[in-house]
Amino acid sequence: MLQEREFEIKACVDVLNASLIGRGACVVLRGGAGTGKSEFLEHMAGEAHGRGMISVRFRGNHADHEFELGLVTHLMQSVWEELGDEVRESFDEVMEPDVAAVIRGAGLHPDWPPSRRSHVLRGLVHLLGRVMGLMPQQALFIAIDNLHWVDRTSLLWLSAVLDRLHSWPVLIVASVCDGVGGTDADVLDDVVDAADHHFTLRNLSSDGASAMLRRHLGQELDPAFARAVEYVTGGNPSLLEALLHAVAEGQVTPDANGAHQLAEFGTDSLALSVRVRLRRVSPQAMQVFRIAAVFGRDATVQSIANLSGLETSDVADSCHSMGRLGVLDVDGDRVSVAYPMLANSVLRDASPTALKEVHAEAAALLHGSGAPPRRIAAHLLLGGNVSGTPWAVATLREAALDSVAVNDTAAAIRYLRRALEEPLGPDLRAAVLTDLASATSLSAVDESARIIRQAAHLDPGVVAERASEELLLVLALGEHQEEARLIRTSAPRRRSDAFVSGALLLNVLNVFNLPMPDVASDGSGASGPEDTRPLHLASRALSITRHAVSRKEAIELAKRAVAGAGHSVTGLVVQLGGAHVLALSGDTETAMGLCDTTIRAAEAGELWPVLAVALLVRSRLALQLGRVRTAADDGRRGLQLVLNSGFAPSASLRVAAVAQVASVLTESGDTDEAFALLGEVAPLGDEKGTRSAVLLHARGRLRLLTKDPEAGLRDLQACGDLLLADGIANPAVCAWRSHAAEGLALLGRPEDAERLLEQELDLARAWGAPAAVAGALLVRAKLREPVAASSELAEATRLLRPCGQHLLLAKVLYQHGSAVGDRDLPTARKSLREAYELAIGFGMDEFSSRIRSALTGLGGRPPRLRGTGIDSLTDSERRVAVLAVQGRKNREIAAALFVQVRTVEIHLTNAYRKLGIGGRQALEEALLPAVAG
């Protein structure tokens with residue numbers, strides 16, 4: 001069955017059945033080029049043959065349209081062959097000689113007068129009637145493709161036949177292509193008007209085109225590929241067939257990659273077809289079409305006339321005819337090629353030099369008409385040299401700014417690189433390079449730094465003037481000190497503030513290799529405590545915190561910094577610095593609120609460096625508060641922003657992002673994912689330097705939890721050595737001692753473990769942050785006898801309850817209940833029950849299972865909790881299930897979450913069990929509330 005032609009086919013079949021009983025008719029199919037008229041005729045011919053009808057097919061041809069009586073001769077000869085020898089002999093005896101000559105192919109003699117010619121035509125009409133009368137049990141089906149190219153005399157004959165058709169068992173189905181004048185438009189109109197039924201075949205709908213592709217390809221369509229196909233073909237059946245052929249030949253793949261290929265896909269055969277068809281429209285049609293293809297959606301009748309040198313009226317007439325043909329979309333004066341696939345085919349067939357010239361002229365015309373910069377720049381990209389036209393470079397720069405505004409940085413980079421191809425003075429070239437560095441910094445930081453070096457060597461003043469805060473901050477995060485030196489003399493304050501902001505952000509992520517510099521009021525050197533600018537206050541607060549100088553002073557400075565921060569890029573950095581200090585000082589909830597505010601502002605301003613760090617900081621805080629799902633989601637999102645930026649694997653920001661996400665995965669029990677992330681995304685290898693401390697700490701803790709204490713201790717001791725060398729002693733910043741003590745205890749070295757814990761407890765108590773003290777008490781309790789351990793754990797519990805550190809509280813409660821044990825069953829059960837409720841709320845299955853076992857071992861009954869449904873899913877199970885609902889395959893989910901395919905399979909199996917469903921097909925309905933939320 002032809003796609004989306006069911007109605008027309010049924011109607012034609014009804015007419016065909018009526019013709020079998022002597023009610024003849026004529027059906028005309030109309031439509032633009034490639035809408036499937038010929039295929040429709042073939043289908044109806046098959047229907048006629050299946051009913052035993054004599055079937056005659058004729059195709060009008062431009063090359064033969066002047067051959068007189070071509071249709072009549074072909075038809076009569078075909079029917080003549082169906083008659084028996086005796087019937088033909090009887091006809092020969094009574095048939096007029098002129099009619100007999102025509103049937104044998106002699107045609108009408110050119111010297112015959114009109115009356116004789118008319119007499120012969122009438123004789124041919126009567127002959128058809130007599131022939132049908134001699135075949136009472138036989139019906140005739142006539143299919144005429146391209147009726148518009150049938151010769152004029154045959155059209156006149158056909159017009160006469162239609163007057164008598166209703167009493168004959170004859171069905172005529174003819175196709176007419178809109179927009180083609182044909183042999184004789186007037187006679188053609190008479191024939192079409194006299195037809196009994198008219199059907200217009202249109203392009204397929206989106207669903208129809210997809211169904212056609214699925215049927216031919218034998219597979220489900222990639223959504224991106226389906227959208228691309230709809231765009232380039234418009235659902236035109238002929239173009240869809242050409243595309244399917246290209247897929248079969250391996251020129252295009254039916255997937256997301258193929259979708260990108262289709263943007264520029266065209267074929268030589270389509271280009272030839274367009275040339276052939278348009279030559280028949282008008283002599284200038286092909287030229288008009290090519291210029292319209294170059295202009296894209298910017299073409300007008302007048303602009304095409306200006307560019308081609310043709311008369312406006314001739315262009316308008318050609319556009320009108322091509323609009324009816326279906327190859328152009330015409331809306332008043334505006335003109336565009338109907339199908340990008342046709343435009344691509346025609347343009348690839350044209351001379352590259354000629355195309356460049358046309359694009360350059362098109363850009364000039366659009367500039368003169370006041371078109372938007374991006375539309376002009378699209379032609380400048382493809383055009384030849386436009387030197388001597390200052391507006392060209394200015395337009396490309398404006399287009400780049402507009403592109404960045406709509407998050408199309410790839411286009412911005414293309415426009416700016418094109419501008420650099422023009423001859424520019426040093427100051428203008430430096431300005432364009434700075435713009436390019438800003439655009440590039442969003443995806444390739446090191447490349448951005450290289451470009452800034454070029455610009456600064458040309459004119460550092462221009463760079464200092466044009467470089468955005470965000471660009472300078474990105475360079476700071478990439479630790480490009482050379483670039484700072486190049487522009488420092490021209491803008492000391494801007495350079496200094498940007499690089500202090502970068503250092504502050506890195507230290508917020510516990511990157512310890514960068515000292516926190518003081519900033520003088522002129523930006524050129526160190527200042528004293530009297531400098532009250534928020535950036536300086538935040539820097540001092542963080543420096544004091546790192547070195548555990550005074551918790552009270554750090555909190556005061558942080559609050560003053562946040563109060564005066566404002567909403568600039570620097571202001572948002574200050575807020576994050578303040579949040580970090582407050583969190584390390586014990587005020588996690590306030591720090592969380594500052595992170596939320598910063599994230600909203602960074603998202604609104606599209607400040608990805610600040611957003612990435614803010615998400616990573618909130619991930620750390622959310623984990624402390626027990627919001628494991630938020631921690632994981634924020635960490636992954638922040639890491640992805642960093643990875644997208646093009647930072648090298650060894651860059652501090654990337655290292656810190658990987659360490660943070662690995663820490664969240666470790667706490668939530670996803671140790672395989674954590675190892676994969678640490679090993680594949682940011683391998684340590686032989687890397688040395690303080691910047692690795694944060695990664696050493698994350699890997700050391702992971703190794704301890706996965707029963708590799710020797711390697712874990714080695715990592716943690718290396719981390720401590722690096723921090724001590726930098727003077728960082730505060731355990732609130734990095735509790736490496738207590739974690740190393742756990743490793744020492746596992747290796748049978750309790751005295752060494754106790755010594756490290758005593759150091760950490762002394763430092764933590766001196767700093768005064770509850771979580772730092774409680775963390776050390778928890779580890780020491782694990783090394784002591786139950787009575788002494790329960791006392792220290794009770795102290796840790798009292799410290800943690802007011803400060804919101806729910807995850808650490810759950811660990812302390814679990815340890816407390818286990819230490820008290822059967823010495824005080826009610827107290828032990830109470831601690832374990834509370835720990836269990838917290839762990840279940842976190843979604844930490846393995847941890848909650850351990851607590852449950854300890855509680856039931858003491859005769860306790862766990863709280864009644866839901867074990868099924870959406871709320872019972874762990875964070876990992878929920879993440880995998882949501883991605884599965886979105887249509888991703890297991891391998892795609894594994895790649896997105898940095899896990900193995902087997903891990904995805906396990907999570908899905910657990911989700912199916914908890915949701916009470918049989919498989920993936922029921923997942924969407926079962927998970928609907930979670931997806932909607």
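Me: With which residue does the side chain of Arg 374 meet in a salt bridge?

Reply: This is a predicted model, in which local features need pLDDT of at least 70 and side-chain atom pairs count only at pLDDT 80 or more, while totals for chains, interfaces and linings use all residues. Residues are numbered from 1 along each chain as its sequence is written, and side-chain values use heavy atoms, with hydrogens and water left out. A salt bridge is a side-chain nitrogen of Lys or Arg within 4 Å of a carboxyl oxygen of Asp or Glu. Arg 374 has such a bridge, at 3.0 Å from N to O, with Asp 408.

Me: How many residues apart are Arg 374 and Asp 408, which link distant parts of the chain?

Reply: Helices (DSSP runs of H or I, at least four residues) and strands (runs of E, at least two) are numbered from the N terminus. Arg 374 lies in helix H19 (residues 373–382), whereas Asp 408 sits in the loop between helix H20 (390–405) and helix H21 (409–419). In sequence, the distance between the two partners is 34 residues.

Me: Is Arg 374 buried, partly exposed or exposed?

Reply: A residue is buried under 20% relative accessible area, exposed over 50% and partly exposed in between, with a 1.4 Å probe and protein chains only. The relative accessible area of Arg 374 is 28%, and that of its partner Asp 408 is 27%. Because 28% falls in the middle class, Arg 374 is partly exposed.

Me: Which helix gives the largest share of the largest nonpolar core?

Reply: A nonpolar core is a set of buried Ala, Val, Leu, Ile, Met, Phe, Trp, Tyr and Cys residues joined through side-chain atoms within 4.5 Å. The largest one has 131 residues, and those with the most contacts inside it include Val 610, Val 613 and Phe 647. Twelve of the core's residues, the largest share, come from residues 608–624, which form helix H32.

Me: How many residues does the other core have, the one that includes Leu 204?

Reply: In soluble globular proteins, nonpolar side chains tend to be buried together. Apart from the largest core lies another, with Leu 204, Ala 226, Leu 328 and Leu 436 among its members. The count for this other core is 95 residues.

Me: Which residue forms a salt bridge with Arg 618?

Reply: In this bridge the closest N and O atoms are 2.6 Å apart. Arg 618 is in helix H32 and its partner is in helix H33 (residues 628–644), so the pair ties together parts that are 16 residues apart in sequence. Arg 618 and its partner are each buried. The partner is Asp 634.

Me: How many residues apart in sequence are Asp 670 and Arg 879?

Reply: The side chains of Asp 670 and Arg 879 meet in a salt bridge at 3.7 Å, N to O. Asp 670 lies in the loop between helix H34 (652–667) and helix H35 (671–681), whereas Arg 879 lies in helix H45. Asp 670 is buried at 11%, and Arg 879 is buried at 12%. Along the chain, the pair is separated by 209 residues.

Me: Why is helix H45 described as largely enclosed by the rest of the structure?

Reply: Helix H45 covers residues 875–885, and among its buried residues are Asp 875, Arg 878, Val 880 and Leu 883. The helix is largely enclosed because, of its eleven residues, the number buried is nine.
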